[in-house]
Amino acid sequence: MELGELTITVLLDNEPFLPGLKQDWGLSIHLEANDSRKILMDTGGTPGKLFYNARALGINLSDLDAIFISHWHGDHCGSLPELLEHIGREIEVFVSRRPGPLMSRTLRRLRAKLVEVPGPREVLPGFYSTGDMGGEHALVADVSGLGLVLLTGCSHPGPANMVRRALEAFGKSVYGLMGGFHISSYAEGRELGFFLADIDVKVVCPCHCTGSLAKRGLMEALPGRVLQCGTGRTLRLAREGLSEAFGKARGL
């Protein structure tokens, strides 16, 4: 299934985009399709900051349809128990592998329905997982008229490898790449940028564990295609392409 439209909002990142929101070393990204289906990729590690930013941005975390955990590092899943308690009902949590015994017991008690995704597959209509890539997986959205939008947590398997997996698994072009890329040097950024340019990726939005020098390398290899990320950044994607939402968080 393809999504008619997709709105992506960064709820937590270690850099700011909108003033007045809270930053944290970690990542949480909210995605909403045009039919109102909502999925949260990662939760960050500080529940108070996650909830504060969601309220300020007008996002209701209690009505999520699913949660997607990229990998079991605290800065990506640390707020999951508090989020489940806030939701207060059974909800699917898509994971590449099950967590350790303590976290597993906690999640069962909080009515998380853990769904392991060992290989590429659809997790919700229009949303896909790359499948397990060494303990991590990426979330993929298929937007009508554009192609695939790939969202990564930390890209420990390598961002280029995760993009290749999506291309091979789903047989469509990659329109956008967003998330943590786990690179720090200028040379790494340029290398990734040239790879993305070769496959004609239109939009790249690096955040979290992507160093400033790597971002500069990306920008030089992909002129005009690299967007600033940060807490509060909102992107809207539809057949016509990308539109960026700017503004101010509510009540700030």
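A pocket, as used here, is an open set of grid points with protein on both sides within 12 Å along at least five of seven lines, and its lining residues have an atom within 4 Å of a point. The exercises below concern a predicted model.

**Exercise 1. The second largest pocket**

Determine which residues line the second largest pocket and which elements supply them.

*Solution.*
1. The lining consists of Pro 159, Ala 160, Arg 164, Ile 183, Glu 188, Glu 191, Leu 192 and Phe 195.
2. Two elements, helix H5 (159-170) and helix H6 (186-198), give two or more residues to this lining.
3. The greatest contribution is that of H6, with four residues.
4. Sorted by class, the lining holds five nonpolar and three charged residues, and no polar ones.
5. The volume of the second largest pocket is about 150 Å³.

**Exercise 2. The largest cavity**

Describe the largest cavity by its volume, its lining and the class of its lining residues.

*Solution.*
1. The volume of the largest cavity is about 70 Å³, and the count of cavities of 30 Å³ or more comes to one.
2. Its lining is made up of Ile 8, Val 149, Tyr 175, Gly 176, Leu 177, Met 178, Val 203, Cys 205, Leu 235, Leu 237 and Leu 242.
3. At least two lining residues come from each of strand E11 (174-180), strand E12 (203-207) and strand E13 (234-238); E11 has the largest share, four residues.
4. By class, 10 residues of this lining are nonpolar, one is polar and none is charged.

**Exercise 3. Asp 13**

Establish what surrounds the side chain of Asp 13, and whether Asp 13 is buried or exposed.

*Solution.*
1. Asp 13 is located in the loop between strand E1 (5-12) and strand E2 (28-33).
2. Asp 13 is buried and has no salt bridge.
3. Lys 215 is the nearest side chain of opposite charge, at 6.0 Å, whereas a salt bridge requires the nitrogen and oxygen to be within 4 Å.
4. The side chain of Asp 13 does reach the backbone nitrogen of His 208, at 3.0 Å.

**Exercise 4. Positive phi values**

State where Asp 42 and Ser 155 lie, and give the phi of each.

*Solution.*
1. Most residues other than glycine have a negative phi.
2. Asp 42 has a positive phi, near 70 degrees; Asp 42 belongs to the loop between strand E3 (38-41) and helix H1 (47-56).
3. With a relative accessible area of 0%, Asp 42 is buried.
4. Ser 155 also has a positive phi, about 55 degrees, and sits in the loop between strand E10 (147-152) and H5.
5. Ser 155 is buried, its relative accessible area being 1%.

**Exercise 5. Salt bridges**

Report how many salt bridges the model contains, and examine the pairs Lys 38 with Asp 63 and Glu 116 with Arg 98.

*Solution.*
1. The count comes to 12 salt bridges.
2. Lys 38 and Asp 63 meet through their side chains at 3.6 Å, N to O.
3. This pair links distant parts of the chain, 25 residues apart: Lys 38 is in strand E3, and Asp 63 in the loop between H1 and strand E4 (66-68).
4. Lys 38 is buried at 13% relative accessibility, while Asp 63 is partly exposed at 32%.
5. In the second pair, the closest N and O atoms of Glu 116 and Arg 98 are 3.1 Å apart.
6. Glu 116 lies in strand E6 (residues 112-116) and Arg 98 in the loop between E5 and helix H4 (101-109), so this salt bridge ties together parts 18 residues apart in sequence.
7. Glu 116 is partly exposed, with a relative accessible area of 38%, and Arg 98 is partly exposed, with 43%.

How values were computed
Residues are numbered from 1 along each chain as its sequence is written. This is a predicted model: local features need pLDDT of at least 70, side-chain atom pairs count only at pLDDT 80 or more; totals for chains, interfaces and linings use all residues. Side-chain values use heavy atoms; hydrogens and water are left out. On a 1 Å grid over the protein atoms alone, a cavity is a set of points where a 1.4 Å probe fits but cannot get out, and a pocket is an open set with protein on both sides within 12 Å along at least five of seven lines; lining residues have an atom within 4 Å of a point. Grid points are joined across faces, edges and corners, and a volume is the space filled by probe spheres set on the points. Ala, Val, Leu, Ile, Met, Phe, Trp, Tyr, Cys and Pro count as nonpolar, Asp, Glu, Lys and Arg as charged, and the others, Gly among them, as polar. Buried means under 20% relative accessible area, exposed over 50%, partly exposed in between (1.4 Å probe, protein chains only). Lys and Arg count as positive and Asp and Glu as negative; His and the chain ends are not counted. A polar contact is a pair of N or O atoms within 3.5 Å; within protein, one must be able to donate a hydrogen and the other to accept it, and residues adjacent in sequence count only if both atoms are side-chain atoms.
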